[in-house]
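Let's walk through a protein chain together, one question at a time. Keep the picture open while you read.

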Amino acid sequence: MGAIYLWYDEYIYLDFTHPYLNSIITVLVPKPHQLPEWMIPVNTFRPSIWIAVIISLAVIVISLYFVNKYTDIIVPKELKVKSFSSWSGVTLQAIGMALLQPPGTRLPFGSPLRRFFTLSEVFFLLFTTIYSAALASILTVPAYYPAIDDGRQLYESGIHWVSSHDAWVYSIRNASEPYLRGLVDRFEAHDTETLKKLAKKDGYAFPIEIMTGGHVTQQEHLSEEMISGLHVMKHELYGSPSVMILRKGSPYTEYFTSLIHRCIDGGLLLYWESYVTVKYLSTRLQTALQLSKSSAHELTEPVKLKLDHVQGAFIVLFLGTIIALIVFIIEKYSNKLNKNHRLSRQQFLN
């Protein structure tokens, strides 16, 4: 006689009693690391918003170019602006507008370009105002990488999960979901000593069983030091009722099923679970596991502004300066080559 989950392959050769407790399998996964401070200027908006801003900038560049190009259809040619006559000039002007920089040349009155430029400035004024407010709200609040809180995220993270026996994957080995099949392939079974060594390393996950009363079954490789760097997924990986098993065709199956019903009706199973947990298991370990949720480790209170919080802005400034210097050198060298080419051509013609 023993106890297992509802496994079909075993049911072919064994008799199952009525389920007596429901168990949930979840996983202890590494806690998410804090995002580096230099990413703060980028993390102000979600990627979808940044994509929308880039598309808007491209639309404005194209519109400014063609509005200036076909201005002479509506107004005299004198109202055209040379700085908007090339793609590079229009792009630089649009980027300048995004940074609330006024145009280098005064736009003539009555020009359609002036009106369109003003509308674009209003758009970028709203954008920079929203960006500044969002940046100020998250500048000193720690941000973290997304936490692993369900089986799909565990699969997408690429982390291997390990334990002492393959029984942890018996319930999902025939699953139809691709991510569950992938998790079965990433499961590794090791001895206790190896598990203790892996527990000290970052990048491994460990399955745990949560019983009906909310207590966690204790394994030899679990320790408080190990849990300090891990958290329990918010969502279960899978769940299954626990049943007692007997020899196929055993005459005692019906008797044990009746006994289980009486124990459930009397509340004895939940009482025994709590009693055994308090008497034989580590209370501190149980408390640590209960408190180990994905949000418990995160610092949500603002901290004092430090140089690290603004290093992203300095990185942008440094990169911009380097790029501007490189472009300046290229333009100067290109102009020098063009000048020498014109002189050589004139000498040849003369």
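Q: Which residues of helix 12 (residues 283–291) are buried?
A: This is a predicted model, so local features need pLDDT of at least 70, side-chain atom pairs count only at pLDDT 80 or more, and totals for chains, interfaces and linings use all residues. Residues are numbered from 1 along each chain as its sequence is written, and side-chain values use heavy atoms, with hydrogens and water left out. Helices (H or I, at least four residues) and strands (E, at least two) are DSSP runs, numbered from the N terminus, while buried means under 20% relative accessible area, exposed over 50% and partly exposed in between, with a 1.4 Å probe and protein chains only. By that yardstick, the buried ones in helix 12 are Leu285, Gln286 and Leu289.

Q: Why do the buried residues of helix 12 line one face?
A: Look down the axis and take the arc of the directions from the helix axis to the C-beta atoms. The buried residues of helix 12 line one face because they fall within an arc of 100°.

Q: Which residues are exposed on the other side of helix 12, and what covers its buried ones?
A: Arg284 and Leu291 are the exposed pair on the other side of helix 12. Contact here means heavy atoms within 4.5 Å. The cover over the buried residues of helix 12 includes strand 3 (21–30), helix 9 (224–227), strand 7 (230–232) and helix 11.

Q: How far does helix 10 (residues 253–265) reach from its first C-alpha to its last?
A: The expected span of a helix is 1.5 Å times one less than its number of residues. Helix 10 has 13 residues, with 18 Å expected, and its reach is close to that: 19 Å.

Q: Which residues of helix 10 are buried, and which exposed ones are turned away from them?
A: Thr253, Phe256, Thr257, Ile260 and Cys263 are buried in helix 10. Seen down the axis, they fall within an arc of 120°, so they line one face of helix 10. The face turned away from that buried side carries Glu254 and Asp265.

Q: What helps cover the buried side of helix 10, and which residue with a positive phi follows the helix?
A: The cover over the buried residues of helix 10 includes strand 2 (14–16), strand 8 (238–247) and helix 11 (268–280). After helix 10 comes a residue with a positive phi, near 75°, and that residue is Gly267.

Q: Which residues of helix 7 (residues 178–186) are buried, and which are exposed on the other side?
A: In helix 7 the buried set is Tyr179, Leu180, Gly182 and Leu183. They cover an arc of only 160° around the axis, which puts them on the same side of helix 7. What covers them includes helix 6 (151–157), strand 4 (160–163) and strand 5 (187–189). The exposed residues on the other side are Pro178 and Asp185.

Q: Is helix 3 (residues 47–69) parallel or antiparallel to helix 5 (residues 112–138)?
A: Axes are lines fitted to C-alpha atoms, for helices over the stretch in contact, with angles from 0 to 180 degrees between N-to-C directions. Angles under 35 degrees count as roughly parallel, over 145 as roughly antiparallel, 65 to 115 as roughly perpendicular and the rest as oblique. The axes of helix 3 and helix 5 come within 10 Å and cross at roughly 165°. That makes the pair roughly antiparallel.

Q: At what angle do helix 4 (residues 87–98) and helix 5 pack?
A: Their axes are 8 Å apart. On the helix 4 side, the contact is made by Ala94, Met97 and Ala98. The packing angle is about 45°.

Q: Where is Ser85, and which residues does Ser85 touch?
A: Ser85 is found in the loop between helix 3 and helix 4, and is partly exposed, with a relative accessible area of 42%. Ser85 and Asn68 are 17 residues apart in sequence, yet 6.8 Å apart in space, C-alpha to C-alpha. Not counting residues up to four places away in sequence, Ser85 touches Tyr65 and Asn68.

Q: How many helices and strands are in the chain?
A: Buried residues make up 34% of the 350 residues in the chain. The count is 13 helices and 8 strands.
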